[in-house]
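These are notes for a colleague on a predicted model. The points below follow the chain's features one by one.

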Amino acid sequence: MFVLELTYTAPLEAVDAVLKEHVDWLDEQYRQGVFIASGRKHPRDGGVIIAVAGDRARIEEITADDPFVTAGVCAYRVTEFTATKTAPALEAYREPL
């Protein structure tokens, strides 16, 4: 499992100019079962995504295709972790140590 932290590297006007494309990209990752939660940070200087994938290389490929990245308006920090405890609704994502 991965925590993806987005940090805007451009003014909000530039971020908003590609927001629709970013949301379409998010929707596709949800359809593929890669993303399980996402949203804006407060204050609005980026966002957070919780993702699942086979390995970090796959996550890095996915984030490289984010329209925010290709437009140069955000940078990603990727943190991999082992979800050994979850809420019951997320039991399918639990991993043994």
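1. Glycine 54 counts as exposed, because its relative accessibility is 82% and the cut-off for exposed is over 50%. Glycine 54 sits in the loop that runs between β3 and α3 (56–64). Its C-alpha atom is separated by 19 Å from that of aspartate 66, and the two residues are 12 apart along the chain.

2. Is histidine 22 buried or exposed? Histidine 22 has 7% relative accessibility and therefore counts as buried, the limit being under 20%. The residue is placed in helix α2. With neighbours within four places in sequence left aside, histidine 22 is in contact with Leu6, Asp66, Pro67, Phe68 and Tyr76. Aspartate 66, already used above as the far end of a C-alpha separation from glycine 54, is thus one of the contacts of histidine 22.

3. Histidine 22 also belongs to the lining of the largest pocket, where it is among the residues that lie nearest the centre, together with Tyr8, Leu26, Gly39 and Arg40. The largest pocket holds about 170 Å³ of space and is lined by 14 residues. Two or more lining residues come from each of β1 (2–8), α2 (19–31), β2 (35–40) and β3 (46–51). By residue class, the lining has 8 nonpolar, 5 polar and 1 charged.

4. Next, the strand pairing. β1 runs antiparallel to β3, with 6 bridges between them, and antiparallel to strand β4 (residues 74–80), with 7 bridges. Valine 3 has isoleucine 50 in β3 as its bridge partner, while glutamate 5 has arginine 77 in β4. β3 is also joined to β2 by 5 bridges, again in an antiparallel arrangement. In that pairing, serine 38 stands opposite isoleucine 49 in β3.

5. Which residues of β1 make up its covered face, and which its uncovered face? Phe2, Leu4, Leu6 and Tyr8 are on the covered face, and Val3, Glu5 and Thr7 on the uncovered one. In a regular strand, side chains alternate between the two faces of the sheet. Two residues of the covered face have appeared already: Leu6 as a contact of histidine 22, and Tyr8 among the residues nearest the centre of the largest pocket.

6. Threonine 79 lies in strand β4. Its relative accessibility of 34% makes it partly exposed. Not counting residues up to four places away in sequence, threonine 79 touches Met1, Phe2 and Val3. The C-alpha atoms of threonine 79 and valine 3 are 5.1 Å apart in space, although the residues are 76 apart in sequence.

7. β2 and β3 form a hairpin with 5 residues between them. Proline 43 lies in the loop between these two strands. A cis peptide bond joins histidine 42 to proline 43, with omega at about 5°. A reviewer may wish to look at this peptide bond in the model.

8. How many aromatic pairs are there? The count comes to 3. One of them joins tyrosine 8 and phenylalanine 68, edge-to-face, at 5.9 Å centre to centre and with 85° between the planes. Tyrosine 8 belongs to strand β1 and phenylalanine 68 to helix α4 (residues 67–70), so this pair ties together parts that lie 60 residues apart in sequence. Both partners are buried: tyrosine 8 has a relative accessibility of 14%, and phenylalanine 68 has a relative accessible area of 1%.

9. Tyrosine 30 and phenylalanine 35 have ring centres 6.0 Å apart and planes at 85°, so this pair is edge-to-face too. Here the partners are placed differently with respect to the surface. Tyrosine 30 is partly exposed, with a relative accessible area of 32%, whereas phenylalanine 35 counts as buried at 3% relative accessibility. Trp25, Tyr30 and Phe35 together form one aromatic cluster.

Methods. Residues numbered from 1 in each chain as written. Predicted model: local features only at pLDDT ≥ 70, side-chain atom pairs only at ≥ 80, totals over all residues. Heavy atoms only, no water. 1 Å grid on protein atoms, 1.4 Å probe; cavity = no way out; pocket = protein on both sides within 12 Å on 5 of 7 lines; lining within 4 Å. Points joined across faces, edges and corners; volume = space filled by probe spheres on them. Helix = DSSP H or I, 4+ residues; strand = E, 2+ residues; numbered from the N terminus. Nonpolar A, V, L, I, M, F, W, Y, C, P; charged D, E, K, R; others polar. Buried < 20%, exposed > 50% of the residue type's maximum accessible area, 1.4 Å probe, protein only. Contact = heavy atoms within 4.5 Å. Pairing = 2+ DSSP bridges. Phe/Tyr/Trp six-rings, centres within 6.5 Å; stacked < 30°, edge-to-face > 60°.
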